[in-house]
Amino acid sequence: MSDLAPYAVSDGTSLGRAVAEPRPKARSEFQRDRDRIVHSTAFRRLEYKTQVFVNHEGDLFRTRLTHSIEVAQIARSIARALQLNDDLAEAIALAHDLGHTPFGHAGQDALNECMQAHGGFEHNLQSLRIVDRLEERYGAFDGLNLMFETREGILKHCSPARARGLGELGQRFLDGRQPSLEAQICNLADEIAYNNHDVDDGLRSGLLTLDQLGEVNLFAHHAAAADAEFPQLSDRRRVHETIRRMIDALVTDLLAESSRRIEAATPHTLAEVHTAPALIAFTDTMQAENRALKGFLRDHLYQHYQVLRMTAKAHRIIHDLFNAFVADPRLLPPQYREMAATESVARATADYIAGMTDRYSMKEHRRLFSVGEL
Ligand code: MG
């Protein structure tokens, strides 16, 4: 990190940590945040949490962990090219999915249904709850005591009702202010990462075919470019040569459009970034292509009957676990029984379930529901 733009987040312009700590000796404050995230328990659990494919379906599919690492790679590159704080971008990217339940979005939707009468469940807010409260590692504070801007970046969406309960961190949702450019980068790096790796995993699993993907402009265009350069490639190399071109095109477009917007808005300070419109963006043309790819993945991969079977199973497992613990909180492990005493049984149960890996939740389901399992 060198030569930061004047409107980048820096140690000097940051709002700092909730609990004051001595400055790190050989790192920046945001490097320290990244390091705390990497050493957290929730981060290690990402290895066994579903992105689209359940972990046991195959060893080569993305998990939440490898997804988060890909997001961090893309976010860091973009941040550095725009003279922004790449340590902050990396920290946000590595933490952005910490709050995900087992079984991906299906798990979150099921847990949110269970929590309807108890304030709901949302994975963004849960990521924040993990870094602010649930990690139990330090003597002086709960959670990881991260810098304000790292927490701001983790909380990418929030309803006004919930924002009111979050103090300074929620205020931007009520005032309609933008987060830092580093946080804006992570949002789009997330999209770039999952749209592209889901194409790769979709093809690898056989749920998507190259013929189908030929309908998607972005894919067809870059597959043709790969074919022109390497006419004799095997399918595997051809897919990768196509995907790397797609990622490059998305990142290049994002850099050009964001530079143009930054130049037009000429922010001089971080405060001016907050009040400007979103400055990190694709061009309208690329935005449309990206949306078409996303729509294709929704229709052909996320709604594929084999994926929906997993979704239905996840739904049942989460509902069963939730109902069993709420009906008899004595079944919760001691740490969560303590949480139930200070918050509510429902919230403690949601914390417990959200923290589970895919395989742990299936094991816990067997322990509670199968006669003969211990
Ligand atoms: Mg993500």
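# Notebook: contacts, metal site, helices and cores

Leaving out neighbours within four places in sequence, I found alanine 163 in contact with Cys158, Gly170, Phe173 and Leu174. I note at the start that the model is predicted.

**Entry 1. Alanine 163**

I looked up where alanine 163 sits, and the place is helix α8, residues 160–163. Alanine 163 has a relative accessible area of 1%, so I put it down as buried. I also took a distance to aspartate 132. The two residues are 31 apart in sequence, and their C-alpha atoms are 15 Å apart in space.

**Entry 2. Cysteines**

One of the contacts of alanine 163 is Cys158, which led me to the cysteines. Cysteine 158 is buried, because its relative accessibility is 15%. Which cysteine sulfur is closest to that of cysteine 158? I found that the sulfur in cysteine 186 is the closest, at 18 Å, which is too far for a bond. A pair of cysteine sulfur atoms has to be within 2.5 Å to count as a disulfide. By this rule I counted zero disulfides. I also looked up cysteine 114, which counts as buried because its relative accessibility is 12%.

**Entry 3. The magnesium ion**

Which residues coordinate the magnesium ion? I listed His67 and His96, each through NE2, and Asp97 and Asp190, each through OD. The distances run from 2.1 to 2.5 Å. Along the chain, the spacing of these donors reads H-x28-H-D-x92-D. I checked histidine 96 and aspartate 97 for exposure, and both are buried.

**Entry 4. Glutamate 90**

I found glutamate 90 in helix α4, which covers residues 86–95. Is glutamate 90 buried or exposed? Its relative accessible area is 11%, so glutamate 90 is buried. Not counting neighbours within four places in sequence, glutamate 90 is in contact with Arg34, Ala72 and Arg76. Isoleucine 69 is 21 residues away from glutamate 90 along the chain, and the C-alpha atoms of the two are separated by 8.8 Å.

**Entry 5. Helix α6 and asparagine 124**

I went to helix α6, residues 123–134, to find asparagine 124. The relative accessible area of asparagine 124 is 1%, so this residue is buried. With neighbours within four places in sequence set aside, the contacts of asparagine 124 are Ile154, Leu155, Lys156 and His157.

I then looked at the helix as a whole. Nine of the 12 residues of α6 are buried, so I noted the helix as largely enclosed by the rest of the structure. The buried residues are His123, Asn124, Gln126, Ser127, Leu128, Arg129, Ile130, Val131 and Leu134. At 1.5 Å a residue, a straight helix of 12 residues would span 16 Å, but α6 spans only 14 Å between its end C-alpha atoms.

**Entry 6. Helix α19**

Helix α19 has 12 residues, 358–369. From first C-alpha to last it reaches 17 Å, close to the 16 Å expected at 1.5 Å a residue. I listed its buried residues as Asp358, Ser361, Met362, Glu364 and His365. Seen down the axis of α19, the buried residues fall within an arc of 160 degrees, so they line one face of the helix. What do the buried residues of α19 pack against? I found α16 (305–327) and α18 (345–355).

**Entry 7. Nonpolar cores**

In soluble globular proteins, nonpolar side chains tend to be buried together. I looked for such groups here. The largest nonpolar core has 82 residues, and those with the most contacts inside it are Ile37, Leu84, Leu98, Leu181, Ile185 and Val199. Which helix gives the most to this core? It is α10, residues 181–205, with 10 residues. A second core is separate and has 23 residues, including Ala110, Ala314, Ile317 and Ala346.

I followed up two residues of the largest core. Isoleucine 185 is in helix α10. Its relative accessible area is 0%, so isoleucine 185 is buried. Apart from residues up to four places away in sequence, isoleucine 185 touches Ala75, Ile78, Ala79, Leu82, Leu84 and Ile280. I also compared its position with aspartate 35, which is 150 residues away along the chain; the C-alpha atoms are separated by 20 Å. Valine 199, on the same basis of leaving out residues up to four places away, touches Leu208, Leu213, Phe219, Ile243, Leu293 and Leu297.

How values were computed: Residues are numbered from 1 along each chain as its sequence is written. This is a predicted model: local features need pLDDT of at least 70, side-chain atom pairs count only at pLDDT 80 or more; totals for chains, interfaces and linings use all residues. Side-chain values use heavy atoms; hydrogens and water are left out. Buried means under 20% relative accessible area, exposed over 50%, partly exposed in between (1.4 Å probe, protein chains only). Helices (H or I, at least four residues) and strands (E, at least two) are DSSP runs, numbered from the N terminus. Contact means heavy atoms within 4.5 Å. Donors are N, O and S atoms within 2.8 Å of the metal (3.2 Å for Na, K and Ca); water is not among the atoms, so sites may look incomplete. The expected span of a helix is 1.5 Å times one less than its number of residues. The arc is that of the directions from the helix axis to the C-beta atoms. A nonpolar core is a set of buried Ala, Val, Leu, Ile, Met, Phe, Trp, Tyr and Cys residues joined through side-chain atoms within 4.5 Å.
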